[in-house]
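Please open the model in a viewer and keep the sequence panel at hand. The tour below proceeds by selections, from the whole chain to a single pair of residues.

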Amino acid sequence: MPQRHSKNNNDLAFFTYDEKRKLGYGTQKERLGKDSIKPFDACCLCLKPFIDPLCCQKGHVFCKECILECLLSQKKDIHRKLAAHTGQQKQEKEDEEERLMLQKARELDAFDQQNHGPVPQYNDKNYSRDKNGFHGANSVKATSYEEEALRTMKAFWLPSATPDAPAKVEAPSTSTICPEGKEKIKMKNLFPIHFTEDTSAQKKHKSLDKSFICPSCKVTLTNTSSLVALSTCGHVFCKKCAEKFVAVDKVCVVCDKPCKDRNLVNLEKGGTGFAGHGDNLEAKDFKHLGSGSGLGLVRPAMKT
């Protein structure tokens, strides 16, 4: 009689490790493929092939329309937060002035009662209400201690004394942020870049998609290529040509426009399915069985 192994044993009251893995529970690992990585010629915001590309000083490439909409929405959000912060400061100032006035009035009342005795009641018919809002014979004069207790009482069962938690609006930053690199960015710091399109006859017959080449060595640019853009003219080269010719001659190979070392901007890229360029291309997902299984307290998470 053959022995029962753990993979074939299915009469236990709990799931074995192999059964849980077959059901998809536990820690699942998967390596990200090429489709999960942004191509070098795609916008960082819309993830589509860029149109009129603009590049920041950190090498992030955006469509012109996408980055303009992003910066405009950030400015609108900054104006809204500034208006809310200004209104809060104004309200705090008014509340402080009112508190000082009430404190001064209580001090005057206490001084008057100490020197002249209790304050006489009003007999004027037009003044039918006292300051607490009660009428005639039912009116009760509240002392300053009772007034303070009524004002500061936090009774959630009374609608008029329900405590509130005012949201503190902090002073917002007035600088726009790059959506990809999270550094400060301005519209004047963005510069247009120009890729050299491959117009050879062989490329036209093979594929309808655009392919770009280095204008110096004529090598097709891919995600494995390290690219460098010139902020003066916007032409894009491979890193080898940029270090060998542009950085040495201090002039653009295409338009002969002078440049300096600080004008060489390394473009950011997403990598490929095999080389992550310093990124960890392994996704992890934790899936628990539920309460009573011993794994109910494990929270789902994704790590890339």
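Begin with the entire protein chain, which is a predicted model. Consider its contacts between residues at least 6 apart in sequence: 51% of these join residues at least 24 apart. With the chain still selected, display the secondary structure; five helices and 11 strands are present.

Next, show the surface. The accessible surface of the protein chain comes to about 22,900 Å², and carbon and sulfur atoms account for 54% of that area. What percentage of the 304 residues is buried? Buried residues make up 24% of them.

**The open sheet**

Now select strands 7, 8 and 9. These three strands form an open sheet in the order 8-7-9, with antiparallel pairing. Colour residues 236-238, which are strand 8, and residues 264-266, which are strand 9. Strands 8 and 9 are the edge strands, and each pairs on one side only. From one strand to the next, the twist averages 35°.

**Strands 7 and 9**

Restrict the selection to strand 7, residues 227-230, together with strand 9. The two strands run antiparallel and are joined by three bridges. Which residue of strand 9 is the bridge partner of A229? Label V265 to see that partner.

**The helix across the sheet**

Finally, add residues 239-249, which form helix 5. Helix 5 lies across strand 7, strand 8 and strand 9. To view its direction, compare helix 5 with strand 8: the helix runs at about 105° to that strand.

Notes
Residues numbered from 1 in each chain as written. Predicted model: local features only at pLDDT ≥ 70, side-chain atom pairs only at ≥ 80, totals over all residues. Heavy atoms only, no water. Pairing = 2+ DSSP bridges. Helix = DSSP H or I, 4+ residues; strand = E, 2+ residues; numbered from the N terminus. Axes fitted to C-alpha atoms, helices over the stretch in contact; angles between N-to-C directions. Contact = heavy atoms within 4.5 Å. Buried < 20%, exposed > 50% of the residue type's maximum accessible area, 1.4 Å probe, protein only. Areas by Shrake-Rupley, 256 points an atom, 1.4 Å probe, with all protein chains shown as cover.
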